[in-house]
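I opened this entry to keep track of what I looked up in the structure, beginning with an interface and going on to confidence, a sheet and a single residue.

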Amino acid sequence: MSDLLLSVDKLSVGYPGPGGSVVHVLSDVSLTLERGASLGIVGESGCGKSTLALALLGFLRPGGRLLDGAVRLDGTDLFALGPAELQAVRGRRVALVPQSASQALTPSLRVGQQIAESLELHQGLAGNDAEAAAVDLLAQVRLPKPAEIARRYPHQLSGGQQQRVAIAMALAGGPELLVLDEPTTGLDVTTQSHILDLLDEIRERTRAALIYVSHDLGVIAQVSERLAVMYAGEVVEHGPTTELFARPRHPYTRGLLASAPRLSHAALPVALPGRPPAPDARPAGCAFAPRCAFADERCTAEAPALVAVDSPTLPHDARCHHWLRVAEASFALPVSLGVRVRREAPALVDVQGLEVRYGQLGLESLWRRASGAPAPPPAVQGVHLTIRRGETLALVGESGSGKSTIARAIAGLQPVTAGELRLGEHDLRRPSGRRPVELRRTVQLIFQNPDASLNPRQTVGQILERPLQIFFGLPRLERRRRVAELLDQMRLGAHYAERFPGQLSGGEKQRVAIARAFAAEPELVLCDEVVSALDVSVQAAVLELLARLKAERGVTYLFISHDLAVVRAIADRVAVLFGGRLCEVGTAPQVYGPPYHPYTKSLLAAVPDLTPNSRPATRAAETPAAGAGAKGCPFAGRCPRQIGSICAEQPPPWRDAGDGHGIACHIPLEELRDAASVALPVAASA
Amino acid sequence: MTTTTAAPSAAVTAAPSALRSFWRAYRHAPANLVGLALLVGHLALALVAPLIVPHSPTALNADQLLQPPSVAHPFGTDRFGRDVFSRVLLGGRVALAITLVSAALSVLIGGLFGAAMAYLGGVVDELAMRFVDALLAIPGLLLLLVIVTALGSGYTVIVLAMVLSYTPGVIRVARAAALEYVPRDFVTAARARGEHAFDVTIRELWPNVLDVLLVEFAMRASWMLLAVSGLSFLGFGVNPPTPDWGLMISENRALLALAPWSTVAPMIAIASLVVALNLVADGVAKAAGLDRSRGGPV
Amino acid sequence: MLTLIVQRVLLSLVTLLIVSVVIFWATEVLPGDVATAILGREASPRSLERLREELGLDRPAFERYVDWLAGALRWDFGTSLARQDQAVSELMGVRMRNTFALAGLAALIGLPLALALGVVAGLTRDRLPDLLVSTLALIGQSLPEFVVGSLLILIFAVQLAIFPAVTLVNADAPLAEIVPSMVLPVATLVIVMVAYIQRMVRSSMIDALASEYVQMATLKGVPRRRVVLRHALPNALLPTINAVALTVAWLIGGVAVVETVFNYPGIGRLLVTAVGDRDLPLVQALGLLGATIYITINLAADLLTLALNPRLRTMARP
């Protein structure tokens with residue numbers, strides 16, 4: 001039995017296109033994997049990585065066709081097998097951990113039953129034995145109270161729990177190869193890091209080989225020894241992870257690494273111009289040439305083949321005519337910018353003791369009060385914030401921390417239960433419908449999901465004209481002119497005005513959303529996770545745009561995000577939230593360096609860094625926290641530095657660490673200062 | 001540092017109008033085109049029928065009762081000696097007119113109301129939906145019959161009864177469709193701009209539920225046609241001697257064995273028109289990417 | 001969970017109440033002067049007066065409504081206007097039995113048939129079995145019940161002379177005697193019902209088969225048959241419970257037409273006669289009955305969905 005477990009050989013997959021043509025989703029993909037090794041497959045949306053992941057199980061989505069090549073598991077081509085033979089391979093020798101466990105688990109079956117099913121099929125267990133083994137597997141994936149969980153239905157579990165169940169289900173057959181398709185998408189950073197730990201453990205125990213598909217470079221760096229970078233359906237570079245990160249041989253790999261925001265760099269990442277080609281419109285030569293800084297005529301005429309490059313660790317291939325030049329070009333990350341601390345700038349928005357509770361109105365609440373059920377905990381509680389004119393204040397926290405709620409309250413979309421909220425002399429507690437038009441114009445909101453924030457039935461021009469109409473009452477000709485101007489400033493051509501959102505890419509849609517906000521010429525722009533749904537290279541372009549607009553127009557940003565690396569790149573000051581309460585506030589260098597609030601520290605530690613094979617130090621426990629509405633500190637229960645029952649009983653006092661830096665914690669500041677720095681090597685200058 | 005010009009991808013050069021891409025999707029399936037052709041044919045015939053009928057539809061010919069099809073009478077004659085062909089040609093006019101008007105009113109009123117309720121939400125929505133549910137709880141034909149009892153069977157009454165009967169269903173469908181869009185951020189953006197409920201409903205929601213409403217129109221029209229024929233069959237719809245397919249079937253079915261043509265011809269007329277409406281509804285639904293098979297003939 | 005049940009039941013009762021108001025309003029308030037509507041315009045003022053007194057039309061509408069509703073709860077709907085010697089409840093009594101037998105039989109045969117055909121059509125999407133079933137369903141949907149009924153009469157009663165064309169027995173004959181007359185009407189109802197329900201089941205089946213969890217089961221190595229039976233089917237059938245309820249609504253109306261075609265002695269035909277006679281108390285009673293049946297079936301469907309859908313069942317738990 002050779003060491004080679006998996007060999008993908010010139011795999012090409014496509015589907016029939018219009019007029020009898022064939023649209024390629026995967027072209028000429030070749031990979032190898034040894035027993036027990038780990039391989040990462042990284043690429044952005046549309047590169048074909050999901051199709052590849054499924055193909056590794058001999059599966060093609062409906063409509064897909066195998067055009068060429070083979071996927072060999074221990075020498076057997078999976079695509080040559082019949083249905084019965086495939087059933088023997090899937091789940092038993094190769095298992096998939098799907099991207100979205102909530103969709104992939106059958107809603108009508110209990111979780112334990114679904115795992116037992118795999119055990120029955122692949123291990124020959126039956127009835128009670130299978131059920132007991134299922135509970136055992138759930139314990140192995142570190143789920144507390146596994147017997148109880150086994151009896152639950154998928155929708156009764158949290159995202160992290162569902163994902164662990166999916167992993168348990170994949171392990172049931174005792175596979176030699178685990179394929180994971182973006183398994184931590186949509187999970188909180190801390191949950192993600194726990195799952196990555198779990199995968200480490202599993203690899204050690206079962207000696208299974210691992211293929212990890214993701215768009216997240218940081219995660220890939222933690223998990224895989226070797227890496228394959230995909231672009232437009234092709235593998236463009238394939239080699240050891242450390243070497244790829246240190247000296248990439250392909251311009252796309254370079255671009256990808258440069259566009260990823262890093263915790264250690266308080267600077268804007270560098271964007272890749274343009275966008276990937278549509279599957280049915282691939283250029284004749286190299287697919288990346290239109291966007292490549294190294295491209296010449298040869299690149300546009302001749303598609304490069306995957307060739308071996310010289311490298312300390314072999315094998316290492318790259319699909320580029322000029323890989324030698326690329327390897328030699330210096331690869332330095334952008335220099336950190338200094339942070340402007342605007343302590344003297346006047347306050348623009350003042351928030352005092354803000355409290356927001358959901359479900360106060362309507363029949364639901366009447367019914368609840370009538371039946372005596374407890375009220376839901378407040379989404380935001382006791383928050384004091386000042387947003388200074390001209391700064392970028394970031395609100396950071398995981399989902400459920402209340403950060404979006406605060407933004408909506410400021411925008412007048414969420415009723416406030418208690419506290420003060422002012423912009424100048426305007427009271428922001430009034431709902432948007434009842435605010436004076438000036439106030440509505442001054443505060444603008446940009447949303448997370450570019451698909452949902454533009455009306456699919458309106459043209460870009462119509463979308464942009466509306467605020468011009470409402471806030472400035474401009475006549476039609478004038479509006480058209482302004483729209484063209486706006487589009488130009490967003491680096492979209494004026495011809496975009498006639499397009500519909502469905503014809504735009506994610507990044508382009510987000511630019512239109514930004515244009516819509518800036519059409520009103522606001523003073524305060526609330527950015528609610530505006531780059532979270534975008535690919536890494538597109539993210540960088542949008543961040544650049546936001547920075548430029550700020551410099552040109554002097555607006556103030558409230559930047560909401562769960563991504564600490566992105567926040568590091570763009571924020572002046574940072575406020576950290578957990579369970580609806582403020583944990584820590586300060587300038588970016590203050591918050592990213594010690595002293596830390598224990599939650600801030602655990603958050604920072606959980607962010608996968610782009611240093612391959614590095615592992616975060618301390619981490620929060622996997623137990624649930626007290627959460628929103630708790631009597632004491634909301635982080636109690638999960639805090640690694642909990643000092644006793646006082647944490648659960650009493651709300652923590654606000655400690656002043658000097659210069660506007662504050663931390664809410666029972667632990668005295670001197671002890672917090674002792675902690676080692678988490679945001680690492682290249683420290684930004686204060 | 002680097003420029004961030006987003007070069008327009010080659011695939012997105014000319015912007016095809018929404019209508020054109022819809023038409024292209026629609027004509028993809030031959031069944032859709034058959035349906036459309038049938039529908040247009042029926043409408044055209046109904047329009048020009050008075051000009052092309054060979055015989056008077058009400059002329060009684062005592063000496064020509066129940067004649068089989070011949071050159072003079074392509075569909076034969078009925079029990080009163082009237083030319084079946086002429087009666088069939090004209091028989092759809094009233095039913096079609098009632099159907100189209102009722103369907104259009106239903107969809108317009110129901111669509112706007114449903115979308116508005118979806119946006120307003122809260123107590124207003126809850127109360128309105130209770131009332132809508134109550135109307136829906138009265139089975140279609142039953143409600144029609146109850147109203148006809150109360151108000152007699154003039155054509156206006158029938159239209160009123162139809163609209164009352166079918167609009168609640170449209171409201172439910174429009175509301176469900178609009179609810180998909182209400183939580184979307186572009187609606188929130190409109191709300192943040194301080195726009196009024198009416199503006200938001202018309203500008204943001206209505207264009208998005210239009211395709212659903214189009215399908216509803218075709219679907220409801222098919223059900224309404226069946227209902228109108230049913231009413232005529234029972235004697236509560238079109239009044240004799242005006243020709244009507246349902247009425248014709250009712251009048252002549254006792255003689256089905258002896259003279260099938262006088263009954264079968266209007267049967268085929270009804271069936272072909274309803275099939276056409278169903279095919280068109282299906283085609284529109286598929287072209288717009290919707291799933292049509294959720295409703296019943298209520 | 002109990003709260004959910006209570007909520008639903010309460011909601012249904014409220015709906016029923018509103019419906020009763022609508023029916024009452026439609027039949028007594030809407031026509032304006034009921035007496036003239038019944039006796040005609042040429043009637044003498046004195047006979048109109050007498051009729052009004054008899055019907056109690058001089059009392060305020062709300063009082064009349066409450067009286068009517070109270071009577072309804074006691075199963076007393078007053079006397080028929082057309083047949084002065086019979087109570088409405090009497091007229092309805094035995095005919096209700098006949099119609100329930102008819103509708104019940106139709107549902108018993110039609111539902112399993114529709115489910116089976118829908119599942120087959122969904123499984124063999126766009127292939128021969130599906131095309132066959134869907135085309136037949138399309139035709140079934142497009143023909144009015146009276147057309148289907150008449151055609152069945154033509155084929156089976158006239159040409160082949162197997163079943164009676166119309167019902168010749170009395171309304172109150174024992175059920176066994178009525179059975180032969182039930183065959184064709186039941187067949188008519190089944191044909192149209194199956195056409196509609198099959199379609200919804202098919203679409204639900206296609207959705208389930210295209211779902212991610214079915215794909216995942218396949219990727220786990222589960223054999224196709226088991227994927228369909230254990231993973232797809234249960235999730236496909238759940239949404240169809242609602243569809244069934246909708247079709248029952250149709251059934252209540254369709255029964256009227258079918259019974260007329262076959263002259264079947266049920267409450268459907270009674271309704272049609274009542275409408276023709278403008279027999280208000282009868283129409284009111286039948287209207288309320290029909291609505292009550294529909295609301296009850298809807299409630300049952302709701303509760304059944306609740307019981308079978310794990311997602312809804314456990315919504316109360318944190």
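**Interface of chains B and C.** I looked up the contacts first and found that 44 residues of chain B are in contact with 47 residues of chain C, two residues being in contact if their C-beta atoms, placed from the backbone, lie within 7 Å. On the side of chain B that touches chain C, α4 (122–136), α5 (140–151), α8 (197–234) and α10 (261–287) of chain B each supply at least two residues, and α5(B) gives the most, with 10 residues. Helices here are DSSP runs of H or I with at least four residues, strands are runs of E with at least two, and both are numbered from the N terminus. I then sorted the residues on this side of chain B by type and noted 29 nonpolar, 10 polar and five charged, where Ala, Val, Leu, Ile, Met, Phe, Trp, Tyr, Cys and Pro count as nonpolar, Asp, Glu, Lys and Arg as charged, and the others, Gly among them, as polar.

**Ground rules.** I note that this is a predicted model, in which local features need pLDDT of at least 70 and side-chain atom pairs count only at pLDDT 80 or more, while totals for chains, interfaces and linings use all residues. Residues are numbered from 1 along each chain as its sequence is written, and chains are lettered from A and ligands numbered from 1 in the order in which they are written.

**Confidence in chain B.** The pLDDT (the predictor's confidence in each residue, from 0 to 100) averages 83 over chain B, with 91% of the residues scoring at least 70. Among the elements of chain B, helix α1 (residues 18–26) has the lowest mean, 77, and helix α7 (residues 185–192) the highest, 93. Residues 1–15 of chain B fall below 50, and this stretch has 33 contacts in the model beyond near neighbours in sequence.

**A sheet in chain A.** I traced an open sheet of four strands in the order β2-β1-β4-β5 (chain A), with antiparallel pairing; strands pair if DSSP finds at least two bridges between them. Its edge strands, each pairing on one side only, are β2 (22–34) and β5 (76–77) of chain A. Two bridges join β4 (residues 65–73) of chain A to β5(A), and A:R72 has A:D77 in β5(A) as its bridge partner.

**A:A308.** I placed A:A308 in strand β11 (residues 307–308) of chain A. Leaving out residues up to four places away in sequence, A:A308 touches A:P315, A:H316 and A:D317.
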